[in-house]
Amino acid sequence: SIVLIASSVLGLTCTAAAGPLAPVGLRVEHLRNPVGIDVVKPRFSWELQHTARGQAQTAYQITMVREGGAAFWDSGRIASPQSALVEYAGPALESGHSYSWQVRYWDRDGQASPVSEKASLEMGLLSASEWKGQWLSPGNNVVRREFTVPAALRRARAYVAAAGYYEFFLNGNKIGNRFLDPGYTAYSKRVLYVTYDVTNSIHPGPNTVALQLGEGRFSPRLGIVQLNIEMEDGKTMSVVTDDSWSMHPGPIVADSVYNGETYDARIDTFGNSGWQPVKTVP
C-alpha cells in the first residue's frame, strides 16, 4: 500500500501544470472586498504564485466588471513588475456602485498566468454634496427616527459619521462589531465616516434607526447618518438625520477618552417614552 500511495503522489506531481499560477490575495486599498471606498483612484494589490523558483512578474492585466455584469474597464497588458498599490486608471467610479475585478500576470519567460478569482469593491460617498442629512447636536446622547420601507429590499447601506465616538443601531440591534469609531482626526478639519451593509438589518414595514453619541475627544456631541435603501422593484429611498429625529438620555451617563465611561444599566433607552425634538446644525 505504501508503494501505491507513493506512485499516486508522484503521478500528481508529474501532471501538475508548470508555470505561473493565478494571483491570490486580491486587495483594494489594503482591504479584501471593501465596502465604502472613497478614494477616486483606488489602488490594487495581489500576490503572485508560480511553480518555479526565482520567477517574477513582468506585466499584468486588470479587468473590471460593473454591478450587473457589464464590462467596465480593461487595463490591457501593462509592462510592469508592480503588484502592490497599482493605481486605478479607468473611467470615473461612481458613488455607491459595486464592481468586481480580476487580474493576471506574465512571468519573466512571457508566460501568462490564469486569471484570478473575482474580488469586489464598492464605492462610498465621494463628495460632500451627496450627504443629504444634517449634523445633529442633541442635548441628550441618543437620537432616533422611525421609518417605513414599502417593499422588499435588494440592498441597503448606512453611512455614519460623528465628531466623537458612537454606536449605531437598527431595530434595537447594534450594527457592526467595532468600538471607538470613527478614527481620530482633527474634527474641525476632517471627520471620517464608516459604511455599513445593513441589507439584512432592515425589513419591509416599520423600522427604527438610532445613534448613541459619545464625546470621545470632542464636545459637544455631533453625529450624522444617511441610509440609502434600494428595493427589489428598483425604487430607492433615503433616511437621513434632520429635525424629524428625536432624542433621549441613554445609559452612558458620562464618557471620556481618558476616564472611560459610566454606564447606568437601569436606563432602557429604546423602551422609554418621552423622546424630545432634536437640534440640527447648519
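Does R154 count as buried, partly exposed or exposed, and what is its relative accessibility? At 39% relative accessibility, R154 counts as partly exposed, a class that lies between buried (under 20% relative accessible area) and exposed (over 50%), as found with a 1.4 Å probe and protein chains only. The structure is a predicted model, in which local features need pLDDT of at least 70 and side-chain atom pairs count only at pLDDT 80 or more, while totals for chains, interfaces and linings use all residues. Residues are numbered from 1 along each chain as its sequence is written, and side-chain values use heavy atoms, with hydrogens and water left out.

The surroundings of R154 come next. This residue lies in strand β12, which covers residues 153-162. Strands (E, at least two residues) and helices (H or I, at least four) are DSSP runs, numbered from the N terminus. Leaving aside residues up to four places away in sequence, R154 touches E67, T199, E230, M231 and E232, where a contact means heavy atoms within 4.5 Å. R154 and T236 are 82 residues apart along the chain, and their C-alpha atoms are separated by 9.8 Å.

The whole protein may now be considered. The protein has one helix and 23 strands. Along its principal axes, the C-alpha trace spans about 75 × 50 × 40 Å. The radius of gyration is 25 Å, whereas a compact globule of 282 residues would have a value near 19 Å. This radius is taken over C-alpha atoms, and the globule rule is 2.2 Å times the number of residues to the power 0.38. Of the 282 residues, 42% count as buried. Among contacts between residues at least 6 apart in sequence, 72% join residues at least 24 apart. The accessible surface comes to about 15,200 Å², of which 52% belongs to carbon and sulfur atoms; such areas come from the Shrake-Rupley method with a 1.4 Å probe.

How do the strands join one another? Strand β4 (residues 57-66) offers a useful example, for nine bridges join it to strand β8 (residues 98-107), and the two run antiparallel. Two strands pair if DSSP finds at least two bridges between them. Strand β4 is also joined by two bridges to strand β6 (residues 78-79), again in antiparallel fashion. The residue A59 shows both connections: its bridge partner in β8 is W106, and its bridge partner in β6 is A79. In a regular strand, the side chains alternate between the two faces of the sheet.

Strand β4 has a further antiparallel connection, with three bridges to strand β5 (residues 71-74). Here M64 has W73 as its bridge partner, and T63 stands opposite D74. Strands β4 and β5 form a hairpin with four residues between them, and G68 in the turn has a positive phi of about 105 degrees.

Another group of strands forms an open sheet of three, in the order β1-β3-β7, with antiparallel pairing. Its edge strands are β1 (20-28) and β7 (86-87), each of which pairs on one side only. Two bridges join strand β3 (residues 43-50) to β7, and the bridge partner of F44 in β7 is V86.

The loops contain some notable backbone angles. Most residues other than glycine have a negative phi, and most peptide bonds are trans. E29, although it is not a glycine, has a positive phi of about 50 degrees. This residue lies in the loop between β1 and β2 (35-37). H30 is placed in the loop between β1 and β2 as well, and its phi is also positive, near 70 degrees. Which of these residues is buried, and which is exposed? E29 counts as buried because its relative accessibility is 15%, whereas H30 counts as exposed because its relative accessibility is 53%.

The loop between β14 and β15 holds P182. A cis peptide bond joins D181 and P182, with omega about 0 degrees. T185 is placed in the loop between β14 (173-174) and β15 (193-197). With a relative accessible area of 14%, T185 is buried. Residues up to four places away in sequence being set aside, T185 touches R190, V191 and L192.
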